[in-house]
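Here are a few exercises to work through with the model open beside you. Try each task before reading its solution.

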Amino acid sequence: MRGTSLRDADKLLSLIFIGLCLALWFVPTGFEARVDNEAVRCKAEVLDTDDHDLQRLGMVLAGEQGVTLRVLDGPFQGRVLRGVNPLLGQMDRDKVFRPGDSALVVFTLNQDGSIRYVNPQEHYRLDLELLLLGMFAVLLLAFGGWTGAKALLSFAFAALMIWKVLVPLLLVGVDPVPLSLGITALLCAAIIFLVAGLTRKGLTAFLGAFLGVLASCVLAEVFTSAFHLHGAILPFAETLLYSGYAHLDLTAIFISAVFLASSGAVMDLAMDVAASMAEVVDKKPGIGRGEAFVSGVRVGRAVVGTMTTTLLLAYSGGYVTLLMAFMAQGVPLANTFNLIYVAAEVLKTLVGSFGLVLVAPFTAAAGALLLAGHGGGRSEDPARN
């Protein structure tokens, strides 16, 4: 009967989060009014290009590229129009179209609804992004079954919370650190309890993960100031300031980004330790809390080595070209690691790794209190019944 009631609770929790996801989808961010209502966005096929006005400046192109387009959807479907693609000589921002490409085109309209300007803004990627998302969902469902469905639900909930709650509240000036810490705690609870169910194992993983995130938050606060770092090193931070958001505390946003970025790995490790302890206690129901704690720490030791390296690889992949540029120019290591961009990545990696190392004993301690003497959670796990 207990297994049945837990399965029912698991299904009820999933329905609640489906409802929350639907509610978040329709909740306005408060920034919809900033969208240009006089613009129409459509998909178009590139029929021809005119490169005569382009100039090659070293490795980059500058000038204007003429683009002939056939509109594939929207109110102007079927029309053949000509637009201009300006190139600024910046490889990270410029795009060059070729016949056969698909483009996202933005039409600026006059008062009477006629087209004033045709802007081939970017290569059209939405269909491929949706295809990739669909493939990911199918794979997750095929491999994980009901647990995979809950993982997909937690993925959607996390994405909606970040876009619909975190980002808008940051823009209006809510204190970034407590806001991000609260949202991270909510996401930890949602993801862990959706996957593990409302069980002692799930509670163990949540407590370990949250304490690890909290430790990372404290360390990020201390060392961001000690490193003399500021949030302007984040991508597009200066763009925000010059767009009318000079009130934002970019340093606090940077601190929030540090522990938010590592929270996924922290949750992963907490769940590994909690699940392993649950198995140990199930196999040996009479195990004492001290022995259970030691078992959890041993599991954590085995996992934490690869997890910290995972963080190093994840972060270094984002700035490998920066390191390549410094090495190619013969910049000494002392200079390299004192640069603000490199120091920021070092802080992200090491603070995140601190949180990961600490989450193992935190989770082991929580598991010793919650799991030892309670059967470990096997009968509580909805996925087992």
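Buried means under 20% relative accessible area, exposed over 50%, and partly exposed in between (1.4 Å probe, protein chains only). This is a predicted model, where local features need pLDDT of at least 70, side-chain atom pairs count only at pLDDT 80 or more, and totals for chains, interfaces and linings use all residues. Residues are numbered from 1 along each chain as its sequence is written, and side-chain values use heavy atoms, leaving out hydrogens and water.

**Exercise 1.** Find the salt bridge partner of E122 and classify both residues by accessibility.

*Solution.* A salt bridge puts a side-chain nitrogen of Lys or Arg within 4 Å of a carboxyl oxygen of Asp or Glu. E122 pairs with R125, the closest N and O atoms being 3.1 Å apart. Next, E122 has a relative accessible area of 25%, so it is partly exposed. R125, at 42%, is partly exposed too.

**Exercise 2.** Now treat E345 and K348 in the same way.

*Solution.* Their closest N and O atoms are 3.6 Å apart, and they form a salt bridge. Both lie in helix α10, three residues apart, about one turn of the helix; helices are DSSP runs (H or I, at least four residues), numbered from the N terminus. E345 is buried at 16% relative accessibility, and K348 is buried at 14%.

**Exercise 3.** Check the length of helix α7 (residues 289-316), then look for a kink.

*Solution.* The expected span is 1.5 Å times one less than the number of residues. For the 28 residues of α7 that gives 40 Å, and the end C-alpha atoms are 39 Å apart, which agrees. A kink of about 35° is centred on V304, the bend being the angle between axes fitted to the seven residues ending there and the seven starting there.

Conventions. Helices (H or I, at least four residues) and strands (E, at least two) are DSSP runs, numbered from the N terminus.
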